[in-house]
Amino acid sequence: MVELNKDSSSEDGGGGTIESRFVNFCKSDLPISDDNFLVQATRLFDETKNLLLANISAVGTGTPEEAERYWFAFVLYSVRRLSENGGTTGKGLTLCQILRAARLNIIDFFTELHQFLLKVGSILSNLYGEDWEKRLEAKESQTNSVHLAFLSKYYKRAYQQLFLIVDADGDKHLTVADTFNNVSNYYRFGWLLFLALRVHVFGRFKDLVTCTNGLVSILAILIIHVPARFRNLKVNDPERIVMKGDKIDLLASLCKEYDTSEDELRKTLEKTNNLIADILKKQPCLASECKPKNFENIVTDDLVYFEDLMDEPSFSSSITLLEKDYDVAIYNKGELDERIFINDDDSLLVSGSLSGGSISMNGNGAKRKIDSVSSPTKTITSPLSPFRSPSSRTNVTLFRSPSNRTNGTPGGGMSKMSATPVSTAMTTAKWLRTVVAPLPSKPSAELERFLSSCDKDVTADVIRRAQIILEAIFPSSGPGQSASLMDNIWAEQRRLEAMKLYYRVLQAMCTAESQILHAKNLTSLLTNERFHRCMLACSAELVLATHKTVTMLFPTVLEKTGITPFDLSKVIESFVRHEESLPRELRRHLNSLEERLLESMVWEKGSSIYNSLIVARPALSAEIHRLGLLAEPMPSLDAIAMHIDMSCGVLPPTQSLLKNEQNGQNGDMRSPKRLCTEYRSILVERNSFTSPVKDRLLALNNLKSKFPPPALQSAFASPTRPNPSGGGETCAETAVNVFLGKIMKLAAVRINGMVERLQLSQQLRESVYCLFQKILGQRTSLFFNRHIDQIILCCFYGVAKISQLNLTFKEIIFNYRKQPHCKPQVFRSVYVDWITTLRNGKSGPDHVDIITFYNEIFVPAVKPLLVELAPGGPTQSCSRGPEARNNNDGTCPASPKTSSFPCIPDMSPKKVSSSRNVYVSPLRSSKMDALITHSSKSYYACVGESTHAYQSPSKDLTAINNRLNGNRKLRGTLNFDDVDVGLVTDSVVANSLYVPNGSSASSSHAPLKTEQPDS
């Protein structure tokens, strides 16, 4: 491991020790003169420097100099955000200043910050209190930066489509400098006005959908006020605009183009106009009265105009006022300076991925220059305008058809943009607005019939519960702070959306359940508190995911509702199955949530999986109690109601509900010793546990259920109650076994992906899978407080050693980093309980690197299982069940049997046309890196004979689309997203637990070896 020499001289001449270099960084590289702030920063650095020295190779690229810069930035950012008395200088210190001084970019900073906080969390708790994480808001800040990157790109593209740098007035010729300054100032003015809208109007709920509505209102302001010669203004695309008479209905057209609500846009535009009047001191007037030249072809109804908003010198002073207003806003918060996002060349925005490859930023520092004018006919271009031919000067349009292209470059106007994170969010929000919003905000007549058909009418209970839980998730005001009117309106709208969705899906579930049971009385289901809270949490999470909020990220809904990850995992598949209109993006979101739950969250301390395990596997009870892993009792509704301001008029507690809570009939855990009400796990809606790009192609179509889905009433039965489906096992045993079956399917996909990357044999793949399955069944405690990828990586190394394969941990981690689900903390920070190890009283940190975990914990625990894989050892094929010998964790008799590697989705080409020889196949992960590069950006590979000689793949795809579509009048291209994605239901998993087992592939016998960390 690389170590930092504390006595080494500073490269910057700031002193010989690491402490002196930090002080020099604060005083010389940053303008920090406040003594109190410097004392706090120095104290935090002194208490954490030993962690820096011990983890240099794990920070950034691993060089000592870079690790120092990261650590300096982490310390200053943490103190700046957490210090209550930062002083005048401390309050003026922004994140951008820190990053520039440390020569870091935004993406890398937030990526590495997570590891820093994991290591220094206990120190921050001692210095700043237990709520330091909530006050720091690191995750929220990172999400905010991602959203701003998306929004800035969206704004830039929209601006390029709606405005020209070419002077449309043929009698007037602007110089290059004048033209560039005018256009860039309009562009900057719009972004500054948008930031002012975020600061003064949107409040703390800066979700992506609301911000996009704000950006569209800014575009409307610019179209109204930017001089006509810089704007497209001709009607020739009736498919994308809305006409009112012979003029353009501007707001309706913008809403049609950007999938926004016209009512929301009008409200936001009104707030934007008020902001202009308040900050810039401009006097508004009705456009219908002013009738300036800009409204020549636009309907002026309800539009507001500011006379001299874009006229000099008033325009320059307006930009200055907006700059000063934003300076004041960020001065006291120390947040990211959001003005940098409209400058692609800013050093803080370097090439990289902000969200899984969704966005790439140009950070090479090379500024693009405006072409010089060599002749009067040469078009003037700028960084804000795509290339256009000189002829485009005489045909300027506001809503130009996408067919207007010059030299292959899309023209301006309102041509439909390709899918982006922002446009996808707006499309999903349209579903919420058009499908969910019109629904009633109370149970329908059909649902009321189910609620009243119970042993006692539970309608009032259901309504009261929904109001309390959703008020907790979407509070009208935050704790200890007064919310703005905009915040309260936003929260109320989200509550209504979640409530309507909850009632809709609940009714569909009740209808399906009654058909299965041939009865209308669903008392055991509709009186189960935990079931309803899971449904409400799922509804609220979908609403939050639709709006892409910043301040209420998952797992906020779990904390607010009092349920655990294991609880939520049980309703996801049923929720998707009973809401057929759910957009694909929301299905993907639930899929990603299920993946997070399975891989780690369910295994964390406080998960209700442990309350089921002590029933299903009594031998694990002592270890679970010793580690304190049991879930806390689920808080009652009254306890939740006490923490929120019930201003919406919630019904008083009903006696039946209180009685159920007191008697424990709602699945509430009154104490860790009391058995909680668990139910059968619900499998994820999709079984593609990879990137969203591939999820539609990894559908397990061969896993179709032969039986109807299990009744929800039996799924929510008491854990000690016999399973109604038979088999002689309890509901807790069934829940655990089905859950472990889901874990195995997730592990199979990830093991297969690593085998492809490492180019290993299928025999070794079988061995790794068999070992993982045995560990899950016989050494279940190895998963406690850990990530399943940590066990998978160790399995690869252990099997490689027993097979005498030359494969190092460094190679395994190197290839794991390329996996779409890779998380650096998986191999950097593994939980270790030293009490269970035989180290003669030695101790160490609670979290170590994966190699230390392998040597100290993994090998002693699984060595007998590894030896069994060797032909010379005590033979135990994969056909043996987990109840075999060395079963230290005491699996129950009905545990899943170990089996051979399951069937992975067929990767062979599939014919997508009945009349044409066109085939589509998934892109293998082993070849994805070569195709998806920063230079090529190629996401498709056309294999075989090209449609024409010397033709690019993109043209081949166009030709394929044309052939497949034939004479059909379709506007869109071939939709590969329509591939049917089969649901892998509980019954499929349950039936697959007992399939005949194959023999495990044998490997050469070799002594176990361990590997030391790389130095």
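Angles under 35 degrees count as roughly parallel, over 145 as roughly antiparallel, 65 to 115 as roughly perpendicular, and the rest as oblique. This convention will be needed at two stops of the tour, which concerns a predicted model.

**The whole chain**

Begin with the entire protein chain displayed. It contains 38 helices and 10 strands. Of its 1015 residues, 56% are buried. Consider next the contacts between residues at least 6 apart in sequence: 75% of them join residues at least 24 apart.

**First stop: helices α1 and α3**

Select residues 18-29, which form helix α1, together with residues 64-82, which form helix α3. The axes of these two helices come within 11 Å and cross at roughly 60 degrees. Because an angle of that size belongs to none of the three named ranges, α1 and α3 are oblique to each other. Their crossing is right-handed. To view the contact itself, show the side chains of I18, R21, F22, F25 and C26 on α1, and of E68, F72, V75 and L76 on α3.

**Second stop: an annotated region**

Move to residues 251-282, where an unreviewed UniProt entry places the feature "coiled-coil region". In the model, this stretch is 81% helix and 0% strand. The C-alpha atoms at its ends are 22 Å apart.

**Third stop: helices α15 and α20**

Select residues 421-436 for helix α15 and residues 529-547 for helix α20. Here the axes are 8 Å apart, and the packing angle is about 140 degrees. By the convention given at the start, α15 and α20 are therefore also oblique to each other. On α15, the residues making the contact are A425, T428, A429 and L432; α20 contributes V543, T546 and H547.

**Fourth stop: R464**

Centre the view on R464, which lies in helix α17, spanning residues 459-473. Is R464 buried or exposed? Its relative accessibility is 3%, so R464 counts as buried. Which side chain does the side chain of R464 meet in a polar contact? The partner is the side chain of D638, at 2.7 Å.

**Final stop: helix α25**

Select residues 609-616, which make up helix α25. This helix is mostly covered, with 8 of its 8 residues buried. They are I609, Y610, N611, S612, L613, I614, V615 and A616. To see what surrounds them, add α22 (565-568), α26 (621-627) and α30 (731-758) to the selection: the buried residues of α25 pack against these helices.

Key. Residues are numbered from 1 along each chain as its sequence is written. This is a predicted model: local features need pLDDT of at least 70, side-chain atom pairs count only at pLDDT 80 or more; totals for chains, interfaces and linings use all residues. Side-chain values use heavy atoms; hydrogens and water are left out. Helices (H or I, at least four residues) and strands (E, at least two) are DSSP runs, numbered from the N terminus. Buried means under 20% relative accessible area, exposed over 50%, partly exposed in between (1.4 Å probe, protein chains only). A polar contact is a pair of N or O atoms within 3.5 Å; within protein, one must be able to donate a hydrogen and the other to accept it, and residues adjacent in sequence count only if both atoms are side-chain atoms. Contact means heavy atoms within 4.5 Å. UniProt positions are given in the numbering used here, feature names are shortened, and annotations may be inferred rather than shown by experiment. Axes are lines fitted to C-alpha atoms, for helices over the stretch in contact, and angles run from 0 to 180 degrees between N-to-C directions. A crossing is left-handed if the near helix is turned anticlockwise from the far one by less than a right angle, and right-handed if clockwise.
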